[in-house]
Amino acid sequence: MPADHDELARVEAACAELTATGQPITFSAVAVLARISRTTLYRRADLRAVVEEHRARGHDATTLTGLTVQIDQMRRSLEAVAAKVRRHEETIRRLERARRKPG
């Protein structure tokens with residue numbers, strides 16, 4: 001999905017720019033820089049996880065709480081990716097079954 005990859009890259013770039021300029025990483029600021037609605041940032045788990053990861057980096061990540069938060073965010077990101085992979089695999093299976101049917 002090129003659009004998804006493009007949005008993800010724009011969110012990453014926006015977070016990096018905010019970090020480089022010393023600005024706080026907020027959903028509003030990322031949305032403006034990435035040209036994506038805040039609603040999309042909140043609803044899409046993969047995009048939300050990127051923003052939250054960058055926000056967590058701004059906090060003391062060496063604390064036990066910081067590490068726990070990062071692990072939880074990574075777990076949620078991985079779950080979102082796994083769900084997307086499962087959907088794609090099911091779509092592929094459906095297309096293969098449809099192709100095999102005599103028509």
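Two rings of Phe, Tyr or Trp count as an aromatic pair if their centres lie within 6.5 Å, and as stacked if their planes are under 30 degrees apart. By that yardstick, this predicted model holds one aromatic pair. The partners are F27 and Y42, whose rings sit 4.3 Å apart centre to centre with 20° between the planes, so the pair goes down as stacked. The pair ties together distant parts of the chain, with F27 in helix α2 (residues 27–34), Y42 in helix α3 (residues 38–43) and the two positions 15 residues apart. The two partners also fall into separate accessibility classes: F27 has a relative accessible area of 5% and is buried, whereas Y42, at 43%, is partly exposed.

As for the overall layout, the protein chain has five helices and zero strands. Read from the N terminus, the order is simply α-α-α-α-α. Of the 103 residues in the chain, 23% are buried. Among contacts with a separation of 6 or more, 49% involve residues 24 or more positions apart.

Next comes the nonpolar core. The largest one has 14 residues, and V11, C15, I25, V30, L41 and V51 are those with the most contacts inside it. Helices α1, α2 and α4 each put at least two residues into this core. V30 gives a good idea of how the neighbourhood is wired: once neighbours within four places in sequence are set aside, V30 is in contact with V11, A14, C15, L18, I25, L41 and V51. Several of these partners, including V11, C15 and L41, also appear in the list of core residues with the most contacts.

Now for the empty space. Rolling a probe the size of a water molecule over the atoms shows where such space is left. The model has one cavity of 30 Å³ or more, and about 30 Å³ of space lies in the largest cavity. Its lining is made up of A45, R48, A49, E52, Q73, R76 and S77. Both α4 (45–58) and α5 (64–100) supply at least two of these lining residues, with α4 giving the most, at four. Sorted by class, the cavity lining comes to two nonpolar, two polar and three charged residues.

One of the cavity-lining residues, E52, deserves a closer look. E52 belongs to helix α4 and is buried, because its relative accessible area of 18% is under the 20% cut-off. Leaving out neighbours within four places in sequence, E52 is in contact with F27, Q73 and R76. Two of those partners, Q73 and R76, line the largest cavity as well, while F27 is the buried member of the aromatic pair.

The open pockets come next. The largest pocket has a volume of about 230 Å³. It is lined by 12 residues, and those closest to its centre are R44, D46, A80, V81 and K84. Helices α1 (2–20), α4 and α5 each contribute at least two residues to this lining, and α5 gives the most, with five. By class, the lining of the largest pocket splits into five nonpolar, two polar and five charged residues.

R44, one of the residues closest to the centre of the largest pocket, sits in the loop between α3 and α4. With a relative accessible area of 18%, R44 is buried. Apart from neighbours within four places in sequence, R44 is in contact with D4 and E7.

The second largest pocket encloses about 170 Å³ of space. Its lining consists of D46, A49, V50, E53, R57, Q70, Q73, M74, S77 and V81, and the elements giving two or more residues to that lining are α4 and α5. Sorted by class, the residues come to four nonpolar, three polar and three charged. Some residues turn up in more than one lining. A49, Q73 and S77 line the second largest pocket and are also found around the largest cavity. Likewise, D46 and V81 line the second largest pocket and are among the residues closest to the centre of the largest pocket.

Note on methods: Residues are numbered from 1 along each chain as its sequence is written. This is a predicted model: local features need pLDDT of at least 70, side-chain atom pairs count only at pLDDT 80 or more; totals for chains, interfaces and linings use all residues. Side-chain values use heavy atoms; hydrogens and water are left out. Rings of Phe, Tyr and Trp (its six-membered ring) pair if their centres lie within 6.5 Å; planes under 30 degrees apart count as stacked, over 60 as edge-to-face and the rest as tilted. Buried means under 20% relative accessible area, exposed over 50%, partly exposed in between (1.4 Å probe, protein chains only). On a 1 Å grid over the protein atoms alone, a cavity is a set of points where a 1.4 Å probe fits but cannot get out, and a pocket is an open set with protein on both sides within 12 Å along at least five of seven lines; lining residues have an atom within 4 Å of a point. Grid points are joined across faces, edges and corners, and a volume is the space filled by probe spheres set on the points. Ala, Val, Leu, Ile, Met, Phe, Trp, Tyr, Cys and Pro count as nonpolar, Asp, Glu, Lys and Arg as charged, and the others, Gly among them, as polar. Contact means heavy atoms within 4.5 Å. A nonpolar core is a set of buried Ala, Val, Leu, Ile, Met, Phe, Trp, Tyr and Cys residues joined through side-chain atoms within 4.5 Å.
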